[in-house]
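Reader: I keep meeting words such as "buried" and "salt bridge" when people describe proteins. Could we go through one example together and see how such words are earned?

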Amino acid sequence: MMNIIVCAKQVVDVGEIKVNPSTNKPVLEGIPKKISDIDKNALEEAIRIKEKLGGKITVMTVGPPDAKEKIKELLAMGADEGVLIPRPQGADYHIVSKLLSKGIEKLGNVDLVLCGEASIDMFSGQVGPRIAGFLDWPQLTYSFKVEAEAGKVKAHRNMGDRMVVTEASCPAVLTVTKEINEPRLPSLMQILGSARKPIHEWTVSELGMDKEPARVLEKDLRGVKMERKNIVFKDDMDNAVEQLAEKLAKEGLLG
Amino acid sequence: MVVIFSDIKKIGFELIAKARELADKRGKKVCAVVIGKDTGTMAQEYIQRGADKVIVTGSSMEHFNAEDVSDILEKVVREERPDVVLIASTKDGKELAPRLASKLDAGCISDANRIYIEGDSILAERVVYSGNGVAVEQFSTLPGIVTVPGKAFDPLPADPGRTGEIVNRDIELKPQRSRIMDVQEMRSEGVNLEDAEKIVSCGRGFKSSDDIKLIKELAQVLKGNTLGCSRPIAADLKWLSEDHWVGLSGHKVKPKLYVACGISGQIQHVAGMRDSGVIVAINKDADAPIFNSADYGIVGDLYQVLPKLIEAIKQKM
Ligand SMILES: Cc1cc2nc3c(=O)[nH]c(=O)nc-3n(C[C@H](O)[C@H](O)[C@H](O)COP(=O)(O)OP(=O)(O)OC[C@H]3O[C@@H](n4cnc5c(N)ncnc54)[C@H](O)[C@@H]3O)c2cc1C
Ligand SMILES: Nc1ncnc2c1ncn2[C@@H]1O[C@H](COP(=O)(O)O)[C@@H](O)[C@H]1O
């Protein structure tokens, strides 16, 4: 029996962001939101572990109230329950990770915590190792293959220039890569069934974190525009190829 | 005091250069930490590159392990009380820095490519939203931890006459609940994407690893000779080694010419090549997002386009 927590973040769909030319800031309002891609890989892996060893999966999110809708998608995929903790204004990684750590302690008797290798909006990879640090648990980062058995877990980890196999006793924190698995799509039955699964809402003060100051403040956010010529050749292939070669020659790239 | 730690010596030199600048502005010193068995000449080299002090811990650690290294650095930071800790943004550094930060209740800024002092404050800038934005972040408490990618800063030249303090420290490691069972070098083809002038990249539009010879040939006629790829080609299919991987989680490149063949142009790929001079896309889907990020594009089957393009370019060279 494994008591597993999956940390999942609601993010804006970064592919949809545009930069406002007059303010030179990325426009974040009105952009569709979703669960950060790799967090679904983390949940898929948790489901596979549960299928093998039995147990329970709790999805935990620090985020705005509307994240509840997105947590439901994860319940439909196979998580048993959700926990939503409100994200305080100006919260940094210190606060978000500590809230999650305290949530994990409050839940109690946890065997494994799974996170994504990084979130798609910030791409920091901080939360997993921060939770492991707070709780003083082992951390198995960048895992692309995980084997769990009662009381312990082994991971093959992509450390860039090396592949590292690490084994740890539970409780432990794992962060997973995009390659670890293919997240399942919930069936209609599962989507309907997820309505009955609970989503608990815990407050920041009940986790003892209401007076915690952020360690990092965001002073500014500048947009980075990318302007390209967007000249596209289609239709006649011979002509297209000729025109492209011509352009490249003009740009001085065929020297 | 500014403390630096890098698992790769070359980035260590770059961190020292930045640390030197920050420390000088605040009238403080630079301290580098060296961990492991083969630390003989490294401490000397760090001093020649600008460190004032090097703490050497010849630990029993056989392989890099974030639990042990964060325990060691936690001790060093509590003793030396630095304002800033700079850590190389390798994967080792990226799992180490936040763990250390949580042990110290400190702020941490990941992958900063600018770090500077304004008045009393220490600020860092980093790319966010897959390249759509740059966040300017400021530490409200010290120490602040920053991870820094390679080549963000230029190293100082080695000064053989420079002297400094080398301190050997025995730091006892506590027993850990994790154990490294195996370490294997990843396949690498020694590609240097960062310095390449022309890069030709392939994506999942290629049907088999054998077909990569098509873009190899294009790379050759362009006299670029450097192959890049999207994440699935390296990480899922393993048709090319990971040193070819371009993108948010791979290499950031800025060649004069970047050609994307059979790559859809998801933002995570574009994040790695958006600073290129001229971007060319070849894709059979006219609606593929790559065309929004390209200067020139051809809508067509790469299996037909590439041989023709290679011929047309040969004519013009
Ligand atoms: C956190 C995170 C980080 C990531 N980091 C990276 C990264 O660093 N780098 C990266 O590349 N990706 C990264 N990704 C993955 C990224 O989102 C995309 O999934 C990936 O880039 C897609 O690769 P692709 O374009 O090769 O494949 P696909 O998206 O499958 O595109 C294949 C393209 O080939 C075209 N095609 C097919 N057949 C032909 C033909 N015969 N001729 C011409 N065109 C053809 C298709 O129209 C399609 O556009 C990351 C994802 C996440 C979530
Ligand atoms: N606000 C959040 N709530 C829950 N989990 C999070 C949150 N932010 C980050 N995570 C987890 O931490 C991983 C890494 O995120 P990041 O540190 O932002 O790159 C994500 O893939 C999630 O698993």
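Author: Gladly; below, each label is set against its cut-off, and please keep in mind that this is a predicted model.

Reader: Let's begin with chain A. Why is A:L188 called exposed?

Author: Exposed means over 50% relative accessible area. A:L188 has 63% relative accessibility, so A:L188 counts as exposed. You will find A:L188 in helix α5 of chain A, which covers residues 188–193.

Reader: What makes A:L188, A:I191 and A:L192 a surface patch?

Author: Nonpolar side chains are joined into a patch within 5 Å, provided that the residues have over 30% relative accessible area and no salt bridge. A:L188, with its 63%, passes the area cut-off. Together, A:L188, A:I191 and A:L192 make a nonpolar patch of about 320 Å².

Reader: How do you know that A:E212 and A:R215 form a salt bridge?

Author: The rule asks for a side-chain nitrogen of Lys or Arg within 4 Å of a carboxyl oxygen of Asp or Glu. For A:E212 and A:R215 the N to O distance is 3.2 Å, so the pair qualifies. As background, side chains of opposite charge can pair when their charged atoms come close.

Reader: Are the two partners, A:E212 and A:R215, buried or partly exposed?

Author: There is one of each. A:R215 has 11% relative accessibility, and under 20% means buried, so A:R215 is buried. A:E212, with a relative accessible area of 22%, falls between the cut-offs of 20% and 50% and is therefore partly exposed.

Reader: What makes the bridge of A:R222 and B:E125 a contact between chains?

Author: First the distance: the closest N and O atoms of A:R222 and B:E125 are 3.0 Å apart, which is within 4 Å, so this is a salt bridge. Then the places: A:R222 sits in strand β14 of chain A (residues 216–223), while B:E125 sits in strand β7 of chain B (residues 121–128), and the pair crosses from one chain to the other. A:R222 is partly exposed at 31%, and B:E125 is buried at 3%.

Reader: Where do B:D24 and B:R20 lie?

Author: Both lie in helix α1 of chain B (residues 9–25), four residues apart, which is about one turn of the helix. Their side chains meet in a salt bridge of 3.0 Å, N to O. B:R20 has a relative accessible area of 14% and is buried, whereas B:D24 is partly exposed at 48%. Elsewhere, salt bridges with shared partners link A:D136, B:D71, B:R99, B:K103 and B:K174 into one network.

Reader: How many salt bridges does the rule give over all chains?

Author: The count comes to 51.

Reader: Why is B:C229 called buried?

Author: B:C229 has a relative accessible area of 0%, which is under 20%, so the label is buried. B:C229 belongs to strand β13 of chain B (residues 226–229). In chain B, 60% of the 317 residues are buried. Chain B has eight helices and 16 strands.

Reader: Now the ligands. Why is the site of ligand 1 called shared?

Author: The site is shared because residues from chains A and B surround ligand 1. There are 30 residues around ligand 1, and the closest are B:S230, B:S249, B:S264, B:Q268 and B:N283.

Reader: What makes the approach of B:Q268 to ligand 1 a polar contact?

Author: A polar contact is a pair of N or O atoms within 3.5 Å. A side-chain N or O atom of B:Q268 lies 2.7 Å from an oxygen atom of ligand 1, so this pair fits. B:S249 also qualifies, because a side-chain N or O atom is 2.6 Å from a nitrogen atom of ligand 1. The protein covers 88% of the 990 Å² of accessible area that ligand 1 has on its own.

Reader: How much of ligand 2 does the protein bury?

Author: Let me start with the contacts. Backbone N or O atoms of A:V62 and A:G125 lie 2.8 Å from a nitrogen atom and 2.6 Å from an oxygen atom of ligand 2, respectively. Taken alone, ligand 2 exposes 480 Å², and the protein buries 99% of that. The shell around ligand 2 divides into eleven nonpolar, six polar and two charged residues.

Methods:
Residues are numbered from 1 along each chain as its sequence is written. Chains are lettered from A and ligands numbered from 1 in the order in which they are written. This is a predicted model: local features need pLDDT of at least 70, side-chain atom pairs count only at pLDDT 80 or more; totals for chains, interfaces and linings use all residues. Side-chain values use heavy atoms; hydrogens and water are left out. Patches are made of residues with over 30% relative accessible area and no salt bridge: like charges are joined within 9 Å, nonpolar side chains (Val, Leu, Ile, Met, Phe, Trp, Tyr) within 5 Å. Accessible areas come from the Shrake-Rupley method with a 1.4 Å probe; for residues, only the protein chains shown count as cover. Helices (H or I, at least four residues) and strands (E, at least two) are DSSP runs, numbered from the N terminus. Buried means under 20% relative accessible area, exposed over 50%, partly exposed in between (1.4 Å probe, protein chains only). A polar contact is a pair of N or O atoms within 3.5 Å; within protein, one must be able to donate a hydrogen and the other to accept it, and residues adjacent in sequence count only if both atoms are side-chain atoms. Ala, Val, Leu, Ile, Met, Phe, Trp, Tyr, Cys and Pro count as nonpolar, Asp, Glu, Lys and Arg as charged, and the others, Gly among them, as polar. A residue is near a molecule or strand if one of its heavy atoms lies within 4 Å of it.
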